[in-house]
Amino acid sequence: MSPQANNSEPFGEHDHRGDADVDKKPKNRRPANTAFRQQRLKAWQPILTPKSVLPFFFVVGVIFAPIGGLLLWASSTVSELVIDYSDCKKLEINKTNPDPIPDDKFKYTFKSSYDRPSWQHIQYDNGTDVCQLLFDIPDPIGPPVFMYYRLTNFYQNHRRYVKSLDMDQLKGKAVKNATINGGQCDPLKLDENGKAYYPCGLIANSMFNDTITSPVLVNARGEEEGQTYNMTNKGIAWDSDKELIKKTEYQQGEVVPPPNWQERYGKNYTNGIPDLHEDEEFMVWMRTAALPTFSKLSRRNDNDRMASGRYQLDIQDRFKVTEYGGTKSILISTRTVLGGKNPSMGIAYVVVGGICVLLGALFTIAHLVRPRKLGDHTYLTWNNEQETSATTTGRDGPHPH
């Protein structure tokens, strides 16, 4: 009997496992045969030579330097006044005559000469502290005219600070207390009675709460004295923030103000919950700054010119900055088509342009005085099919390969 007969199986007992293994194809982990997956994309690999590099330096310098000069000129045309009033509370209260502000507490950029500003600390019978600033506007400015408040050493970019809010609550939803307690508003979530803070979180609680009034013209130069230069807090927030923050669905008594808001609203919202959709100052504050020194828009006037003369500005001083070594300032500024006063960008463009021209000149002189011999570019291609004289040695002697 043949070996095949001995290895045969009974009829009807054929093993189909081998067929299943044949039908199952092995998993292929090979990438697809495309230019992207196989790294065959076309690429431009320039060969840097003096003829191509030297003109590039001069072109960059010729382009960047004029742009930097234009930015510096535009920044110089902006009229700006900055007054640091952090130490106003340290002054003698209700003094008859205001004190001149030290030189390191103010700076200005005007075309005409500028008189030193002064300040005064006033406290009303209800305990409200007012810092009264007196400053000059030597030349008519605007419109538009913007008023900012500037803070230093205030880190709004801290990780825990940035996360401490509830977006659903800001969108107007009546978020349940249990959800807030388990959310990201830590540590300002619920008060001792278990009621939710509205708005909760560290950002809202630390909102800048100095009340800044509109400047009043007290010593005019060709204008009527006592005239108020009306500035509004409408139109200072981004449109995207207005779309995000909505009127709340909370009912009276369901929420309480954050601790730092209680001086303004009391321990409960007895006069109604504030409509954050209309509070653009709150929206400006909630858009956190990336650096510890920042300015935020507080007031603006887009229609009227600010006449020259001496102005009085009253600020209800509530926001504490000396406790953490910071400062707070008031900033009045105009703008150009290129923005506000910012010479840094113009300086950067001029410096880069100047460095490029200088390097281009030095490299050009070096190339003319002592040029380097360039190699043959054709040898940079390594995978060209070229004839070779290599030989291999076989049993019958050397053979060409």
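# A guided tour, starting at helix α3

Begin by selecting Leu54, Phe57, Val60, Gly61, Gly68, Ala74 and Ser75: these are the buried residues of α3. Remember as you look around that this model is predicted. Now colour the whole of α3, residues 50–76. The helix has 27 residues and spans 39 Å from its first C-alpha to its last, close to the 39 Å expected at 1.5 Å a residue. What do the buried residues of α3 pack against? Show residues 343–369 and you have the partner, helix α11.

**Step back to the whole protein**

Zoom out and switch to a cartoon view. You should find 11 helices and 15 strands. Of the 401 residues in the protein, 34% are buried. Turn on a surface if you like: the protein exposes about 26300 Å², and carbon and sulfur atoms supply 52% of that area. The fold also brings together residues that are far apart in sequence: among contacts between residues at least 6 apart, 75% join residues at least 24 apart.

**Into the nonpolar core**

Next, select Tyr85, Leu133, Phe135, Leu151, Phe282, Trp285 and Met306. These residues have the most contacts inside the largest nonpolar core, which has 67 residues. In soluble globular proteins, nonpolar side chains tend to be buried together.

Stay with Phe282 for a moment. Which residues does phenylalanine 282 touch, once its neighbours within four places in sequence are left aside? Add Leu170, Pro199, Ala204, Met207, Ile245, Trp261 and Leu276 to your selection to see them.

**Along strand β5**

Move to strand β5, residues 129–137, where you will find aspartate 129. Is aspartate 129 buried or exposed? With a relative accessible area of 13%, aspartate 129 is buried, because buried means under 20%. Show side chains here and look for glutamine 123, whose side chain makes a polar contact with that of aspartate 129 at 2.9 Å. Beyond its neighbours within four places in sequence, aspartate 129 has contacts that include Lys89, His121, Ile315 and Asp317.

Further along β5, select aspartate 136 together with arginine 310. The two form a salt bridge, with their closest N and O atoms 3.0 Å apart. This pair links distant parts of the chain, since arginine 310 belongs to strand β12 (residues 309–316) and the partners are 174 residues apart. Both ends are buried: aspartate 136 has a relative accessible area of 4%, and arginine 310 has 18%.

**More salt bridges to visit**

The count of salt bridges comes to 16. For another one, pick arginine 160 and aspartate 186, whose side chains meet at 3.2 Å, N to O. Arginine 160 sits in helix α4 (residues 159–163), while aspartate 186 lies in the loop between α6 (177–181) and β7 (196–197), 26 residues apart. Arginine 160 is partly exposed at 45% relative accessible area, and aspartate 186 is partly exposed at 38%.

Then select lysine 242 and glutamate 280, a salt bridge with its closest N and O atoms 3.5 Å apart. Here helix α8 (residues 239–244) is linked to helix α10 (residues 280–286), with the two partners 38 residues apart. Lysine 242 counts as partly exposed at 23%, whereas glutamate 280 is buried at 9%.

For your last stop, select Asp84, Asp87, Lys90 and Lys105. Salt bridges that share partners join these residues into one network.

Conventions:
Residues are numbered from 1 along each chain as its sequence is written. This is a predicted model: local features need pLDDT of at least 70, side-chain atom pairs count only at pLDDT 80 or more; totals for chains, interfaces and linings use all residues. Side-chain values use heavy atoms; hydrogens and water are left out. A nonpolar core is a set of buried Ala, Val, Leu, Ile, Met, Phe, Trp, Tyr and Cys residues joined through side-chain atoms within 4.5 Å. Buried means under 20% relative accessible area, exposed over 50%, partly exposed in between (1.4 Å probe, protein chains only). Contact means heavy atoms within 4.5 Å. Helices (H or I, at least four residues) and strands (E, at least two) are DSSP runs, numbered from the N terminus. Accessible areas come from the Shrake-Rupley method with a 1.4 Å probe; for residues, only the protein chains shown count as cover. The expected span of a helix is 1.5 Å times one less than its number of residues. A polar contact is a pair of N or O atoms within 3.5 Å; within protein, one must be able to donate a hydrogen and the other to accept it, and residues adjacent in sequence count only if both atoms are side-chain atoms. A salt bridge is a side-chain nitrogen of Lys or Arg within 4 Å of a carboxyl oxygen of Asp or Glu.
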